[in-house]
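Biologist: Could you take me through one part of this model up close, and then tell me how it fits in with its surroundings? I'm new to this, so please keep it friendly.

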Amino acid sequence: MAFHLIFCFFAPILFIFIFPYLRNLNRRQPPLPPGTLGWPYIGETFQLYSRNPNVFFASKQQRYGSIFKTHVLGCPCVMMSSPEAAKFVLLTKSHLFKPTFPASKERMLGKQAIFFSRGRYHAKLRKLVLRAFMPDAIKSFVPNIESVAEHSLRSLEGRLVTTFHEMKTYTFDVALLSIFGQDRVLYSEDLKRWYYVLEKGYNSMPVNLAGTLFNKSMKARKEIARILAKIISARRQMKADCHDLLESLMSDEQGLTDEQITDNIIGVIFAARDTTASVLTWIIKYLGENPSILEAVTEEQEAIGRGKEEQKLSWEDTKKMPMTSRVIQETLRVASILSFTFREAVEDVEYEGYVIPKGWKVLPLFRNIHHSPEIFPHPEKFDPSRFQVAPRPNTFMPFGSGTHSCPGNELAKLEIMVLVHHLTTKYRWQMEGSNSGIQYGPFALPQNGLPIRLFRK
Ligand code: HEM
């Protein structure tokens, strides 16, 4: 009797708990991808950051194949290193994955910035940003970019300088030019000063207590917002015919708020400056290490100036630089300054017989794809000639792919070409110290930012 009573009491409870399990068994939920999750919470963060992160990715790939699970920075993750997987996450099924960033970065850049947005708001922002950076819009910047490049290089003559540091100044100036047009000169020093404080907190813990890096950065953000408010207000009164990003963001019919404009301007500076500066730093290193390639680029650049009365570059000139373009492509491949990107699954997603559970982070590993010997034979070799043939679709993604791919890629290539033109035609340089190491900050960079000395030819 007692047994009967106990059974009657527990049976429904057991049923409630076991039924979903049985139902799942029946549905035969696919397994998680292979791999290990490491220690509770810490996961495999230590293994990832105690050495070059690419060694971690490569060794996991060797052991488990092109899709594997791990647990880093407090999050379970699935890493994917095949072109097909990157296409699935970033392009064909991008609606199943949302962009995701550390909390400190989201608060510093501003939560309404393009990177974090989705759906209609993202589509609207993208249209406005692309309008400012498409070839027709940036054509008119060539003379201004050229004077920024000439001025930057002149300021380095004869000094021992850190290439990355100097290239950051150049790419910052070009970013301000493309955002504010001529208005940039008014506030550029203040913006630069506060931006340097802001960026120090990008990877800090989001603890807003007096004296913390995060707190200082948030204060700097407020100062930047104050300066931007002045520029926006002046622009509203001026009603000038400008062709820069600010104009595009202000011209939206439904109107972006000042806060949305501010978040997106800070976001574009963040996206434009260190990325392009690291690529330029790698180009200077690879050209310095490969005299025959440097000679071919110099020859191409000198040919552009030959027979011209006015020694100024035009937009058309930048379309006559096939060798330089291949050097840029090969640098983007070998250096793969953005080794990967982050997304988060918005629901359980099945891929190749595995499940990626809702809430897990998903990392397409660009660098592994760019360094796959099946796709790019002898991947460690710097060989621009491999780009004489266009790479297979989805195998070369230095600017990402799909809905969040880089809208600034044309501007990035243009400013690189203009700087390389003046560098190779007027200067020679020598690299100082040991240059074999790579540092991550977070973009891949030659050791110590590549110290060099630059001389007039
Ligand atoms: C060589 C330099 C650059 C590289 C390698 C680069 C690379 C990338 C990549 C890989 C993404 C996609 C990230 C993802 O899918 O998660 C991206 C996004 C973005 N980039 Fe670039 N970028 C560069 C320069 C620039 C420049 C010069 C600008 C602006 C003038 C810019 C603006 C942006 C913006 C706004 C996004 C976010 C787009 C969105 O979320 O819809 N980038 N970039």
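**A close look**

Modeller: Let's begin with a pair of helices: H14 and H17 are roughly perpendicular to each other. The angle is what tells us this, because their axes cross at roughly 100° and anything from 65 to 115 degrees counts as roughly perpendicular. The axes of H14 (residues 291-305) and H17 come within 9 Å of each other. One thing to keep in mind as we go is that this is a predicted model.

So who touches whom? On the H14 side, the contact is made by Leu294, Val297, Thr298, Gln301, Glu302 and Ile304, and on the H17 side by Val420, His421, Thr424 and Thr425. Sorted by class, this contact has 4 nonpolar, 5 polar and 1 charged residues.

H17 has another partner too. Helix H13 (residues 258-289) packs against H17 (residues 409-426) at an angle of about 35°, and here the axes are 11 Å apart. The two helices make a right-handed crossing. From H13, the contact uses Thr276, Val279, Leu280, Ile283, Ile284 and Leu287. H17 answers with Ala412, Glu415, Ile416, Leu419, Val420, Leu423 and Thr424. By class, the contact of H13 with H17 has 10 nonpolar, 2 polar and 1 charged residues. If you compare the lists, you'll spot Val420 and Thr424 of H17 in the contact with H13 and again in the contact with H14.

Now for the ligand, where you'll meet some of these helices again. It is surrounded by 26 residues, and the closest are His122, Arg126, Thr341, His404 and Cys406. Three short distances are worth finding on your screen. A polar side-chain atom of histidine 404 sits 2.7 Å from an oxygen atom of the ligand. For histidine 122, an N or O atom in the side chain is 2.8 Å from a ligand oxygen, and for arginine 343 the distance from a side-chain N or O atom to a ligand oxygen is 2.8 Å. The elements that give two or more residues to the shell around the ligand are helix H6 (119-133), H13 and H17. H13 gives the most, with 6 residues. As a whole, the shell divides into 15 nonpolar, 9 polar and 2 charged residues.

If you follow the chain towards H17, you can also look at the loop between helix H16 (366-370) and H17, where histidine 378 has its place. Histidine 378 is not a glycine, yet it has a positive phi of about 45°. Leucine 73 is another residue to look up: its phi is near 50°, again a positive value in a residue other than glycine. You'll find leucine 73 in the loop between strand E1 (67-72) and strand E2 (75-80).

For another helix pair, try H10 (residues 184-200) and H11 (residues 213-238), which pack at an angle of about 155° with their axes 7 Å apart. That angle makes H10 roughly antiparallel to H11, because the cut-off for that label is over 145 degrees. Their crossing is left-handed. Among the residues that make this contact are Tyr187, Trp194 and Tyr195 of H10, and Lys216, Arg221 and Ile224 of H11. In this contact, the residues divide into 12 nonpolar, 1 polar and 6 charged.

Note on methods: Residues are numbered from 1 along each chain as its sequence is written. This is a predicted model: local features need pLDDT of at least 70, side-chain atom pairs count only at pLDDT 80 or more; totals for chains, interfaces and linings use all residues. Side-chain values use heavy atoms; hydrogens and water are left out. Axes are lines fitted to C-alpha atoms, for helices over the stretch in contact, and angles run from 0 to 180 degrees between N-to-C directions. Helices (H or I, at least four residues) and strands (E, at least two) are DSSP runs, numbered from the N terminus. A crossing is left-handed if the near helix is turned anticlockwise from the far one by less than a right angle, and right-handed if clockwise. Contact means heavy atoms within 4.5 Å. Ala, Val, Leu, Ile, Met, Phe, Trp, Tyr, Cys and Pro count as nonpolar, Asp, Glu, Lys and Arg as charged, and the others, Gly among them, as polar. A residue is near a molecule or strand if one of its heavy atoms lies within 4 Å of it. A polar contact is a pair of N or O atoms within 3.5 Å; within protein, one must be able to donate a hydrogen and the other to accept it, and residues adjacent in sequence count only if both atoms are side-chain atoms. Angles under 35 degrees count as roughly parallel, over 145 as roughly antiparallel, 65 to 115 as roughly perpendicular and the rest as oblique.
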